[in-house]
Amino acid sequence: MAAQAAVSAGAGLVTVATHPLNVTALHVRTPEAMVVDWQNEQQLLAQMAKSSIILLGPGMGTDDFSVGLVRWVMHQVTAQQTLIVDASALTIMADHHIAFPNQGFIIATPHQGEWAKLSSVMITYQSSMDLNDLQRQNLNIDVLVLKQHHTVVLSQNRQVALKIGGPYQAIGGMGDTLSGMIAGFVAQFAEPRRATEAAVYAHSAIAQELAEHNWVVKPTIIADYLPNFMSRIQNNLVD
C-alpha cells in the first residue's frame with residue numbers, strides 16, 4: 001500500500017525491498033513498482049545508494065531479521081537522503097533502543113502508542129505539543145507526524161494541526177498509505193516540511209471527500225484517487 005501511494009503521488013521510480021514471496025502480490029497490485037530482495041545485501045546496498053527517499057517500516061514486521069535490517073539502514077543513510085520511518089520500524093527502534101541517524105533529513109510518522117514508547121511522553125500528556133516538540137529535537141527528528149484524532153505535524157519553529165478527517169479512516173493500512181504519500185511528495189517538492197504537511201492534508205482531504213458517499217474509506221481507494229485530486233488542485237492553481 002505504501003508503494004502504491006508513492007506511485008500515485010508521482011514519485012516516479014519506486015522500488016520495494018521485500019521478501020521474494022511478496023513479489024507476485026506486489027506486482028498484481030502495483031506493477032509500476034520495482035523490487036529488490038531485502039535478504040540480498042548487495043542489491044539492497046546498491047538500491048540504497050541511488051535512492052533519494054527511503055521509507056522504512058510498512059509491512060516489515062518485528063522479527064530478528066527486521067531488527068537487523070533497521071539497524072543496518074540507520075547506518076547507511078547519508079546526508080543527502082531523506083529517511084521516513086513508520087510502523088514496525090518505529091516499534092523496533094523503541095523496543096531495541098535504536099537511535100535515528102545523525103545525518104540526512106528524518107521524518108517520523110508514529111501513532112500515539114508508538115510515540116509514547118519512542119519518546120517516553122505518556123499518552124495522557126500528548127496534548128502538550130511543546131513537550132512533544134522537545135522530544136522530537138532530542139531524538140533528532142526533523143519532522144514529526146503525530147497521528148491522532150487530529151494529526152499534528154511538528155518541525156523546527158512550526159506546529160500544524162489537521163482539522164479534517166474522521167472515523168471513516170480507522171482502517172488497517174491507512175498509515176502505510178500516508179507514509180507512501182509523504183515519500184512521493186517529498187521526492188518531488190523542494191521543501192520537505194511543507195511537502196509532508198501537504199501529504200497529510202491531501203490524505204485526509206481525499207478521505208473526507210470520499211466519505212460523502214462511502215461508510216468507510218479504504219486506504220487503497222485514497223491512493224487510487226490521489227492523481228485525480230492532485231490534478232484538480234493543480235488546475236485550480238493555474239486558473
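This is a short tour of a predicted model, stop by stop, with something to select at each one.

**Stop 1: helix α3**

Start by selecting residues 41–49, which make up helix α3. Colour L44, Q47 and M48, the buried residues of this helix. Now turn the view until you look straight down the axis of α3: these buried residues fall within an arc of 100°, so they line one face of the helix. Why might that spacing work? An α-helix has 3.6 residues a turn, so residues three or four places apart point the same way.

Next, flip to the other side of α3 and pick out Q42 and A49, which are exposed. What do the buried residues of α3 pack against? Show β1 (15–18), β2 (34–37), β3 (53–56) and α4, and you have the answer.

Before you leave, zoom in on the start of α3. There, a side-chain oxygen of N40 comes within 3.1 Å of the backbone nitrogen of Q42.

**Stop 2: where α4 meets α5**

Select residues 64–76 for helix α4, then add residues 87–96 for helix α5. Two packed helices are described by the angle between their axes and the distance between the axes. For α4 and α5, the angle is about 90° and the axes are 10 Å apart. The two helices are therefore roughly perpendicular to each other.

To see who meets whom, show side chains for S66, V67, V70, R71 and M74 on the α4 side, and for A89, I92, M93 and H96 on the α5 side.

**Stop 3: the nonpolar cores**

Keep V70 on screen and add V73, L83 and F100. Of the 34 residues in the largest nonpolar core, these four touch the most other members. Which helix gives the most to this core? That's α4, with six residues.

Now centre on F100. Leaving aside neighbours within four places in sequence, its contacts include M74, V85, L90, M93 and I106, and also L118 and L139. There's a second, separate core too, with 31 residues, among them I84, V153, M181 and A202.

**Stop 4: around α7**

Go to helix α7 (residues 129–138) and click on Q135. Is Q135 buried or exposed? Its relative accessibility is 18%, so Q135 counts as buried. Beyond its neighbours within four places in sequence, Q135 is in contact with W115, S119 and V121.

Finish with S120, in the loop between α6 (112–119) and α7. S120 is exposed, at 61% relative accessible area. Draw a line from its C-alpha atom to that of R193: the two residues are 73 apart along the chain, and the line spans 24 Å.

How values were computed. Residues are numbered from 1 along each chain as its sequence is written. This is a predicted model: local features need pLDDT of at least 70, side-chain atom pairs count only at pLDDT 80 or more; totals for chains, interfaces and linings use all residues. Side-chain values use heavy atoms; hydrogens and water are left out. Helices (H or I, at least four residues) and strands (E, at least two) are DSSP runs, numbered from the N terminus. Buried means under 20% relative accessible area, exposed over 50%, partly exposed in between (1.4 Å probe, protein chains only). Contact means heavy atoms within 4.5 Å. A nonpolar core is a set of buried Ala, Val, Leu, Ile, Met, Phe, Trp, Tyr and Cys residues joined through side-chain atoms within 4.5 Å. The arc is that of the directions from the helix axis to the C-beta atoms. A polar contact is a pair of N or O atoms within 3.5 Å; within protein, one must be able to donate a hydrogen and the other to accept it, and residues adjacent in sequence count only if both atoms are side-chain atoms. Axes are lines fitted to C-alpha atoms, for helices over the stretch in contact, and angles run from 0 to 180 degrees between N-to-C directions. Angles under 35 degrees count as roughly parallel, over 145 as roughly antiparallel, 65 to 115 as roughly perpendicular and the rest as oblique.
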